[in-house]
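Here is a friendly note for anyone opening this structure for the first time. The points can be taken in order, with the model open alongside.

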Amino acid sequence: MSDLKTSLADLRKSYERAELDETHSAADPLLQFERWLGEAIAGQVPEPNAMTVATVGSDLRPSTRIVLIKGYDARGIVWFTNYNSRKGQELAGNPFAALQFHWVELERVVRIEGRVEKVSDEESDAYFASRPLDSRIGAWASPQSQPIEGRGVLVANAAKYSAKFLLNPPRPPHWGGYRLVPERWEFWQGRKSRLHDRLCYQQDGQDWIKTRLAP
């Protein structure tokens, strides 16, 4: 066994920053999420808006990638991407996904599962218009998840669409937002001696049932 593998097995961390219990957690998981996200932002956690999105393809194999949350409300969690990407293709065939936020510095994880739908064209148009010009051109230039011969393809595409659209590129028809409508939430707070706190919220009609899970 290499020295690296040996050192990996020996890595340890004691989680002692905070706690999470049934009494002080919000009855609505969205409010609990908002509280923790606000604390991650206030605590200047690197990229507190970064989340893992897990989807499953037609071959029943899962895949993950990092995206950025761009909005949330009672309807769900929103992000934007290329609809023709691998995740877009997988969501078209199986419109369910799982999200995960990992705020390492706060020793916290939030997991969210549910069905996924596209946001309205109006929502996608509004967000696209708010993006920097280079990002709007990039949405046209990149055939996301498709094989390309080299980076030069992207550079050439960006130049082509910059010349075509100048300062006003419209939203590409293959680009827009998704909303995950939560059916299950889990909040994980690291605790000492690996006796972590895990609270699960599952939907029962219009209500959320809160349950403590063993770590």
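**Notes on a predicted model**

1. Let us begin with one residue: Glu186 is buried, because its relative accessibility is 4% and buried means under 20%. Please keep in mind that the model is predicted.

2. What does Glu186 pair with? Glu186 forms a salt bridge with Arg111, and the closest N and O atoms of the two are 3.4 Å apart. This pair links distant parts of the chain, as Arg111 sits in strand β6 (residues 108-118) and Glu186 in strand β7, 75 residues apart. Arg111 itself is partly exposed, with a relative accessible area of 33%.

3. Both partners turn up again around a cavity. A search of the whole structure finds one cavity of 30 Å³ or more, and the largest cavity has a volume of about 30 Å³. Its lining consists of Arg111, Ile112, Glu113, Arg184, Trp185 and Glu186. Strands β6 and β7 each supply at least two residues of that lining. By class, the cavity lining has four charged residues, two nonpolar ones and no polar ones.

4. Now for the overall picture. The protein has six helices and nine strands. Its C-alpha atoms fill a box of roughly 60 × 55 × 40 Å along the principal axes. Of the 215 residues in the protein, 39% are buried. The accessible surface comes to about 12600 Å², and 52% of that belongs to carbon and sulfur atoms.

5. How do parts of the chain that lie apart in sequence meet? Take the contacts between residues at least 6 apart in sequence: 64% of them join residues at least 24 apart. The salt bridge described next is a good place to look at one such link between separate parts of the chain.

6. The structure holds 18 salt bridges. In one of them, the side chains of Glu22 and Arg212 meet, with 2.8 Å from N to O. Glu22 lies in the loop between α1 (3-10) and α2, and Arg212 lies in strand β9 (residues 207-212), so the pair ties together parts that are 190 residues apart in sequence. Glu22 counts as partly exposed, at 36% relative accessibility. Arg212 also counts as partly exposed, at 35%.

7. Another salt bridge joins Arg75 and Asp73, whose closest N and O atoms are 2.9 Å apart. Arg75 is partly exposed at 45% relative accessibility, and Asp73 is partly exposed with a relative accessible area of 29%. Both residues belong to a network of salt bridges that links Asp73, Arg75, Arg115, Glu117, Glu123 and Arg179. It may help to display these residues together.

8. Which residues lie closest to the centre of the largest pocket? This pocket has a volume of about 320 Å³. Of the 15 residues that line it, the closest to its centre are Phe80, Thr81, Arg131, Gln144 and Trp175. The elements that give two or more residues to this lining are β2 (62-68), β4 (76-82) and α5 (133-141). By class, six of the lining residues are nonpolar, six are polar and three are charged.

9. The second largest pocket holds about 170 Å³ of space. Asp28, Pro29, Leu30, Asp73, Ala74, Gly76, Val181, Pro182, Trp185, Gln203 and Trp208 line this pocket. Helix α2 (29-42) and strand β7 (175-189) each supply at least two of these residues. The largest share, three residues, comes from β7. The lining divides into seven nonpolar, two polar and two charged residues.

10. A last pointer for a first look concerns residues that appear in more than one place above. Asp73 lines the second largest pocket and is also part of the salt-bridge network. Trp185 lines the second largest pocket and the largest cavity. Glu186, where this note began, lines the largest cavity and forms a salt bridge with Arg111.

Definitions and conventions. Residues numbered from 1 in each chain as written. Predicted model: local features only at pLDDT ≥ 70, side-chain atom pairs only at ≥ 80, totals over all residues. Heavy atoms only, no water. 1 Å grid on protein atoms, 1.4 Å probe; cavity = no way out; pocket = protein on both sides within 12 Å on 5 of 7 lines; lining within 4 Å. Points joined across faces, edges and corners; volume = space filled by probe spheres on them. Helix = DSSP H or I, 4+ residues; strand = E, 2+ residues; numbered from the N terminus. Nonpolar A, V, L, I, M, F, W, Y, C, P; charged D, E, K, R; others polar. Buried < 20%, exposed > 50% of the residue type's maximum accessible area, 1.4 Å probe, protein only. Contact = heavy atoms within 4.5 Å. Areas by Shrake-Rupley, 256 points an atom, 1.4 Å probe, with all protein chains shown as cover. Salt bridge = Lys/Arg side-chain N within 4 Å of Asp/Glu carboxyl O.
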